[in-house]
Amino acid sequence: MKFRTRSSAIIGTISLIASLALTTAAADEPAAPKQAAVALTEVAKAQNPIAGAAGPDDTVWIAERAGTVRVLTGQGLGQPALDISSETTTDGERGLLGVAFDNDFTHFYISYTNLEGTSTIDEFAVQDGALQPDTRRTVMTQTQPYENHNGGDIKFGPDGYLYIALGDGGAGGDPHGNGQKLDTLLGKILRIDPAGAEPYAIPSDNPFVDDPNAKDEIWSYGLRNPWRFSFDSGTGDLLIGDVGQSDWEEIDWSPASSEGGENYGWASMEGTHPFRGGTEPANHVPPVFEYDRNGLGCSVTGGYVYRGDAIPDLQGQYVYSDYCDGTLRTLKIENGAVTGQGDLAVNGGEVISFVQGGDGELYVLGLGGSISRIDAA
């Protein structure tokens with residue numbers, strides 16, 4: 001993920017008048033799905049909103065990059081429900097990067113880089129919809145060699161386990177080869193059970209638990225900077241937006257039936273293309289979709305498959321964007337293949353993240369401050 005100034009986003013928005021579509025890698029693009037007429041309704045302003053999660057009693061919780069978490073209400077954002085701003089820094093790509101509730105809303109988790117730059121996952125108990133500060137504990141830490149490619153997204157899967165996205169450690173070109181190494185947590189999606197032990201347990205069916213040369217926490221690997229990922233609340237499928245190096249942005253997909261272990265190729269591959277003379281791994285799982293940077297895009301922002309009720313024509317489509325482009329786009333994915341692409345013809349600015357409410361409706365976070373709901377036009 002790359003952070004830009006607000007002025008550059010404005011320039012990019014103006015440029016969209018002349019060019020509304022990213023160039024994709026496919027020579028013959030699938031037909032567009034039925035076009036949903038949507039509008040972005042700004043529901044609040046925040047200071048660098050960066051992540052969010054559906055909370056108890058149909059609330060939506062919003063994380064601000066500098067370290068605060070606020071609850072979204074009909075009147076906007078409330079006072080901070082949590083403030084760790086003295087414990088993190090926004091240098092590089094650091095900060096408060098992800099938040100999640102477990103599936104019964106009894107625990108809340110934050111993902112952030114501490115003052116030393118170490119990726120950290122902390123847990124809070126939740127009682128009557130409020131965090132209990134005295135229950136805070138650290139679940140996991142991971143040293144980061146550089147200040148970029150931290151990943152940081154966290155989600156609970158349908159299986160009740162916590163999934164954690166970590167980038168390859170940063171710099172450029174994966175200088176330590178972390179993406180393809182199984183003896184490091186960097187460049188991976190992890191899967192742990194924070195309720196199973198102190199500080200956490202390893203699910204017995206994780207794909208590498210019997211491999212003495214691999215980290216037991218690993219669910220999938222070969223990722224550069226899986227900035228945002230999500231589970232389809234209708235099918236359980238996993239979708240990952242993995243930010244590219246310089247040429248290709250990719251979206252990876254795995255079915256709910258997956259047993260894990262997918263190798264998405266980085267840094268031997270960037271999308272479906274060998275990276276700097278790399279050789280495609282025999283077990284490479286290519287992206288379900290990729291696009292190049294010949295257009296306005298520079299950093300994919302993964303989203304969600306829409307499962308709300310407000311926009312019937314959007315049902316079942318994966319909504320995503322790009323931090324530099326800002327246009328909301330869609331993919332129709334069937335049996336692991338893209339069967340349709342769409343353009344929602346709305347722009348969210350510096351789209352840094354999406355949030356799915358408990359009702360399935362989607363919110364778009366612009367790093368410049370906007371929190372907008374996707375509504376029917």
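Start with the charges: the protein has 23 positive and 53 negative side chains. Lys and Arg count as positive, Asp and Glu as negative, and His and the chain ends are not counted. The centres of the two sets lie 6 Å apart, each charge being placed at NZ of Lys, CZ of Arg, CG of Asp or CD of Glu.

This is a predicted model, in which local features need pLDDT of at least 70 and side-chain atom pairs count only at pLDDT 80 or more, while totals for chains, interfaces and linings use all residues. Residues are numbered from 1 along each chain as its sequence is written, and side-chain values use heavy atoms, with hydrogens and water left out.

**Whole protein**

Show the cartoon. The protein has one helix and 27 strands. Helices (H or I, at least four residues) and strands (E, at least two) are DSSP runs, numbered from the N terminus. The radius of gyration is 19 Å, close to the 21 Å that the globule rule gives for 377 residues, so the protein is as compact as a globular protein of that length. That radius is taken over C-alpha atoms, and the rule is 2.2 Å times the number of residues to the power 0.38. Along its principal axes, the C-alpha trace spans about 55 × 55 × 35 Å.

Now switch on the surface. About 14300 Å² is accessible, and 47% of it belongs to carbon and sulfur atoms. Accessible areas come from the Shrake-Rupley method with a 1.4 Å probe; for residues, only the protein chains shown count as cover. Of the 377 residues, 59% are buried. Buried means under 20% relative accessible area, exposed over 50%, and partly exposed in between (1.4 Å probe, protein chains only).

**Salt bridges**

How many salt bridges does a search of the whole structure find? There are 15. Each is a side-chain nitrogen of Lys or Arg within 4 Å of a carboxyl oxygen of Asp or Glu.

Select Arg136 and Glu87. Their closest N and O atoms are 2.8 Å apart. Arg136 lies in strand E10 (residues 130-142) and Glu87 in the loop between strands E6 (82-83) and E7 (96-101), so the pair ties together parts 49 residues apart in sequence. Arg136 is partly exposed at 29% relative accessibility. Glu87 is partly exposed too, at 28%. Add Asp122 to the selection: Glu87, Asp122 and Arg136 are linked in a network of salt bridges.

Next, pick Asp153 and Arg228. Their salt bridge is 3.7 Å, N to O. Asp153 sits in the loop between E10 and strand E11 (154-156), and Arg228 in strand E15 (residues 226-231), 75 residues apart. Are these two residues buried or exposed? Both are buried.

Move to Asp343 and Arg329, a salt bridge of 3.4 Å, N to O. Asp343 is in strand E24 (residues 337-347) and Arg329 in strand E23 (residues 327-334), so this pair ties together parts 14 residues apart in sequence. Asp343 is partly exposed at 22%, whereas Arg329 is buried at 6%.

**Backbone stops**

Zoom in on Pro199. The peptide bond from Glu198 to Pro199 is cis, with omega near 0°. Pro199 is in the loop between strands E13 (188-192) and E14 (218-221).

Then find Ala267. The bond from Trp266 to Ala267 is also cis, with omega near 5°. Its loop runs between strands E17 (248-254) and E18 (269-270).

Finish at Asp57, in the loop between strands E2 (49-54) and E3 (60-64). Its phi is near 55°, a positive value in a residue other than glycine. Asp58 lies in the loop between E2 and E3, with a positive phi of about 60°. Asp57 is exposed at 69%, and Asp58 is exposed at 68%.
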